[in-house]
Amino acid sequence: MNNRIGPDESVVVNPNTARLQTLCENFRKRKSVRIIISIGFIIVIIAMPIVYVNETKREKTSTMEITKTTTTTTELIATKTTTTTTITTNTTTTTATTTTTTTISEQLIPSVIINNNTQWKQYASTIAGGNGLGNKLNQLDLPRGIYVDNDDDSIYIADTDNHRVVRWEFGAKNGTVVAGGNGRGYAIDQLYHPVDVILDKEKKYIIICDQYNSRVIQWSRQNSQIPQVLIDGIACWGLAMDNNGDLYISDSGRHQVIRWQQGDKQGTIVAGGHGQGNRLNQLNHPVYIFVDGDHHIYVADGANNRVVKWMKNATEGTLSTPGKVSQENPSSIFQLIGVIVDHKGNIYVSNAGSRQIKRWLPGAIEGAPVLGENQFGSGPTQLIFPHDLSFDRKGNLYVVDAGNHRIQKFVIDLD
């Protein structure tokens, strides 16, 4: 009985042992947590480079795509640069490319240099009028002056006896009245016997020699302004403009040529001005004039039957085509009217006496005919009472064939 274990003796627990067991249990739990955390941390460390690599790859892929796109654009521009050799920096968009192409097409048509050997085809084409005397839009009535606009190959015609200025577009069958056309008269919206016409430097205004109204008047090309009288009380005949935009007018009544600058109250005499006469410092009823790039003035000195060249700021002129050479050899220029000068200083004149256009080389005492026949007629090789002359930038020669009420274009012969 003493060896039997009683109920109170069956479980005897040492308090220190129980605490130790609890501590061990907590330690195992903490160790498990640390292991789990450590494993998670290791997983994160391992995963981060993979994510970074993937992100880098994606960035590299995106960069490569952008680079490829840029390269494609660059290659496209380079290809266009190869085909359009003139302007390359402006070719950035489709619109710019179109503009560049237009500019190049203009540059491929440079101004033709006209010299001693230049010839023109003898059969002219009628580019304005030619439908008999009349006032319809396909007719002219004794036209005198002409201006060729090289921007669009249109021409402006002083349609003298219709008291109007007509613009004729390239290839058109009819003209358009751009000044006058309201009957002859003195009102500000009327013209009376206009004999010459030009555009100003910016081509905003039409400047007209309104002869029988004794004035030079300008009209807005857009008809947005009332016509303005620039110079009043002048017996004007011919007009010209230099590369500075200064206006030159032959004052036939005072036997002089004046230069009119913007803002002037009165013009400056640049040729003649010493009364009527035939000395080299005088003129006698000057008609059409021409001003070259050096501001030298060539005057068709009508009643003296000669062309006189006035250098810039000169006090007298030099004889470019002689008048009466001698008693035995009178001038071949009779009733001189029109004058233009080419790039080499050769002078081209129209005069009613010969019905031809002649070329005078510098220093020559005789001119050689280049256009027209030595007889009146209305055929494509003939002229009646030719007046004003003009070149276009392609070297074609325009003649105001006043007696036939038409404008003739003689195409340059490049063969």
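## Pockets, pairs and buried side chains

Reader: Let's start with Gln 408: which side chain does the side chain of Gln 408 make a polar contact with?
Author: In this predicted model, the side chain of Gln 408 reaches a partner 2.5 Å away in a polar contact. Gln 408 itself belongs to strand S25, residues 406–410. The partner is the side chain of Thr 126.

Reader: Is Gln 408 buried or exposed?
Author: A residue is called buried when its relative accessible area is under 20%. Gln 408 has a relative accessibility of 0%, so it counts as buried.

Reader: Thanks! Turning to the pockets, which residues lie nearest the centre of the largest pocket?
Author: The largest pocket holds about 1,100 Å³ of space, and 37 residues line it. Strands that give two or more residues to this lining are S3 (146–149), S7 (194–199), S11 (236–241), S15 (286–291), S19 (336–341) and S23 (386–391). Nearest the centre are Tyr 147, Met 241, Phe 290, Val 291 and Phe 391.

Reader: How many charged residues does the lining of the largest pocket have?
Author: Sorting the lining by class gives 20 nonpolar and 6 polar residues. The charged residues in that lining number 11.

Reader: And in the second largest pocket, which element gives the most to the lining?
Author: The second largest pocket has a volume of about 450 Å³. Its lining is made by 20 residues, with Asp 200, Ile 207, Gln 218, Gly 245 and Gln 262 closest to the centre. Two strands give two or more residues to this lining, S8 (205–210) and S10 (228–232). The element that gives the most, with 3 residues, is S10.

Reader: How do the residues of that second lining divide by class?
Author: The lining of the second largest pocket takes in residues of three classes, nonpolar, polar and charged. Their counts are 7 nonpolar, 7 polar and 6 charged.

Reader: Now for charge pairs: what is the distance between the closest N and O atoms of Arg 164 and Asp 159?
Author: Side chains of opposite charge can pair when their charged atoms come close. Arg 164 counts as buried because its relative accessible area is 6%, and Asp 159 is buried too, at 0%. These two side chains form a salt bridge, and their closest N and O atoms are apart by 2.8 Å.

Reader: Which residue forms a salt bridge with Asp 401?
Author: Asp 401 is buried, and its partner is buried as well. The closest N and O atoms of the pair are 2.7 Å apart. The partner is Arg 406.

Reader: And which residue does Arg 215 meet in a salt bridge?
Author: Here, too, both members of the pair are buried. The salt bridge spans 2.8 Å from N to O. The residue that Arg 215 meets is Asp 210.

Reader: Which residues are joined into one network by salt bridges that share partners?
Author: The model has a count of 11 salt bridges. Where salt bridges share partners, they can be followed from residue to residue. The network joins Asp 149, Asp 151 and Lys 203.

Reader: What is the nearest side chain of opposite charge to Lys 309?
Author: Lys 309 sits in strand S17, residues 306–310, and is buried yet has no salt bridge. A salt bridge needs a nitrogen and a carboxyl oxygen within 4 Å, whereas the nearest side chain of opposite charge is 5.3 Å away. The side chain of Lys 309 does have a polar contact of 3.4 Å with that of Tyr 298. As for opposite charge, the nearest side chain is Asp 292.

Reader: Where is His 163, with its positive phi?
Author: His 163 has a phi of about 55° although it is not a glycine. At 11% relative accessibility, His 163 counts as buried. Its place is in the loop between strand S4 (154–159) and strand S5 (164–168).

Reader: What is the phi of His 405?
Author: His 405 lies in the loop between strand S24 (397–401) and S25. With 12% relative accessibility, His 405 counts as buried. Although His 405 is not a glycine, its phi is positive, at about 55°.

Reader: One last loop: how far apart in space are Gly 293 and Asn 244?
Author: Gly 293 is in the loop between S15 and strand S16 (297–301), and counts as exposed at 52% relative accessibility. In sequence, Gly 293 and Asn 244 are 49 residues apart. In space, C-alpha to C-alpha, they are apart by 9.6 Å.

Definitions and conventions. Residues are numbered from 1 along each chain as its sequence is written. This is a predicted model: local features need pLDDT of at least 70, side-chain atom pairs count only at pLDDT 80 or more; totals for chains, interfaces and linings use all residues. Side-chain values use heavy atoms; hydrogens and water are left out. On a 1 Å grid over the protein atoms alone, a cavity is a set of points where a 1.4 Å probe fits but cannot get out, and a pocket is an open set with protein on both sides within 12 Å along at least five of seven lines; lining residues have an atom within 4 Å of a point. Grid points are joined across faces, edges and corners, and a volume is the space filled by probe spheres set on the points. Helices (H or I, at least four residues) and strands (E, at least two) are DSSP runs, numbered from the N terminus. Ala, Val, Leu, Ile, Met, Phe, Trp, Tyr, Cys and Pro count as nonpolar, Asp, Glu, Lys and Arg as charged, and the others, Gly among them, as polar. Buried means under 20% relative accessible area, exposed over 50%, partly exposed in between (1.4 Å probe, protein chains only). Lys and Arg count as positive and Asp and Glu as negative; His and the chain ends are not counted. A polar contact is a pair of N or O atoms within 3.5 Å; within protein, one must be able to donate a hydrogen and the other to accept it, and residues adjacent in sequence count only if both atoms are side-chain atoms.
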